Amino acid sequence: MTEFGDIQLDTCRPQGARVADLEDIEKAMTWAALTARHAPWWIGDLLIELDRRFGDKGAQAIPSDLLSLDYLERVKGVAQKVPYENRRDDLSWTHHQQASRLPRSMQKEWLDRAAAEGGNSNQLRMAISRFLN
């Protein structure tokens with residue numbers, strides 16, 4: 001059972017949600033959406049910090065039964081390649097994953113353009129592929 005303010009959610013079954021009213025559901029949905037959107041960054045940055053501070057011993061802090069090795073490598077790789085100052089809160093993590101293929105000095109420009117044009121991450125992937133080839 002997970003608690004969020006006055007809201008309790010059964011983490012395995014959405015129908016287990018017990019909420020007082022529509023406003024509570026809206027708050028819980030906003031929290032869940034923000035958590036989902038930012039989780040790859042948090043996990044990637046935490047993995048970098050684990051490595052930096054604890055080396056191989058840091059692996060014991062990783063819930064390997066909850067997160068696949070492939071996922072962990074992907075989010076850590078993007079977090080390593082896209083510095084905080086190049087990240088945009090208004091674009092998805094997948095946009096940043098595409099921009100991670102570029103040199104750091106070019107990432108911000110490409111991400112700024114993607115935000116201005118409103119394109120999805122697949123469009124950014126294709127544009128970056130054309131540029132790199």
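Biologist: Why is Arg37 called partly exposed?

Modeller: Arg37 has a relative accessible area of 35%. Buried means under 20%, exposed means over 50%, and partly exposed is what lies in between (1.4 Å probe, protein chains only). So Arg37, at 35%, gets the middle label. You'll find Arg37 in helix H1.

Biologist: And what am I looking at here?

Modeller: This is a predicted model, where local features need pLDDT of at least 70 and side-chain atom pairs count only at pLDDT 80 or more, while totals for chains, interfaces and linings use all residues. Residues are numbered from 1 along each chain as its sequence is written, and side-chain values use heavy atoms, with hydrogens and water left out.

Biologist: How many helices and strands are in the chain?

Modeller: The chain has 5 helices and 2 strands. Helices are DSSP runs of H or I with at least four residues, strands are runs of E with at least two, and numbering starts at the N terminus. Along the sequence, the pattern reads β-β-α-α-α-α-α. Of the 133 residues, 29% count as buried.

Biologist: What makes the contact of Arg87 and Asp45 a salt bridge?

Modeller: A salt bridge needs a side-chain nitrogen of Lys or Arg within 4 Å of a carboxyl oxygen of Asp or Glu. Between Arg87 and Asp45, the N to O distance is 2.9 Å, so the pair passes. Arg87 sits in the loop between helix H2 (69–81) and helix H3 (93–99) and Asp45 in helix H1, so this pair ties together parts that are 42 residues apart in sequence.

Biologist: Is Arg87 buried or exposed?

Modeller: Arg87 has a relative accessible area of 18%, so it is buried. Its partner Asp45 is at 31%, which counts as partly exposed.

Biologist: How do you know that Glu49 and Arg52 meet in a salt bridge?

Modeller: Same kind of check: the distance from N to O is 2.6 Å, so the pair falls inside the limit. Glu49 and Arg52 are both in helix H1, 3 residues apart, or about one turn of the helix. Glu49 is partly exposed at 29%, while Arg52, at 60%, is exposed.

Biologist: Which residues are linked with Arg88 in a network of salt bridges?

Modeller: Asp90, Lys108 and Asp112 are linked with Arg88 in that network. The side chains of Arg88 and Asp90 meet at 2.7 Å, N to O. Arg88 has a relative accessible area of 24% and Asp90 has 46%, so each counts as partly exposed. In total, the structure holds 10 salt bridges.

Biologist: Where is Arg88 placed?

Modeller: Arg88 is in the loop between H2 and H3. The C-alpha atoms of Arg88 and Leu111 are 7.3 Å apart, though 23 residues separate them along the chain. Asp89 is in the loop between H2 and H3 too. Asp89 and His38 are 51 residues apart in sequence, yet 8.7 Å apart in space, C-alpha to C-alpha. Our opening residue, Arg37, is 52 residues from Asp89 in sequence and 9.2 Å away, C-alpha to C-alpha.

Biologist: Why does Asp89 count as exposed?

Modeller: Asp89 reaches 55% relative accessibility, so it clears the exposed cut-off.

Biologist: What makes H4 oblique to H5?

Modeller: The axes of helix H4 (residues 104–117) and helix H5 (residues 121–132) cross at roughly 140 degrees and come within 11 Å. That angle makes H4 oblique to H5. Under 35 degrees would be roughly parallel, over 145 roughly antiparallel, 65 to 115 roughly perpendicular, and the rest is oblique. Axes here are lines fitted to C-alpha atoms, over the stretch in contact for helices, with angles from 0 to 180 degrees between N-to-C directions.

Biologist: Which residues make the nonpolar surface patch?

Modeller: Leu22, Ile25 and Met29 make the patch, which covers about 340 Å². Areas come from the Shrake-Rupley method with a 1.4 Å probe, and for residues only the protein chains shown count as cover. Patch residues have over 30% relative accessible area and no salt bridge; like charges are joined within 9 Å, and nonpolar side chains (Val, Leu, Ile, Met, Phe, Trp, Tyr) within 5 Å. Ile25, in helix H1 (residues 22–54), has 40%, so it is partly exposed and clears the patch cut-off for area.
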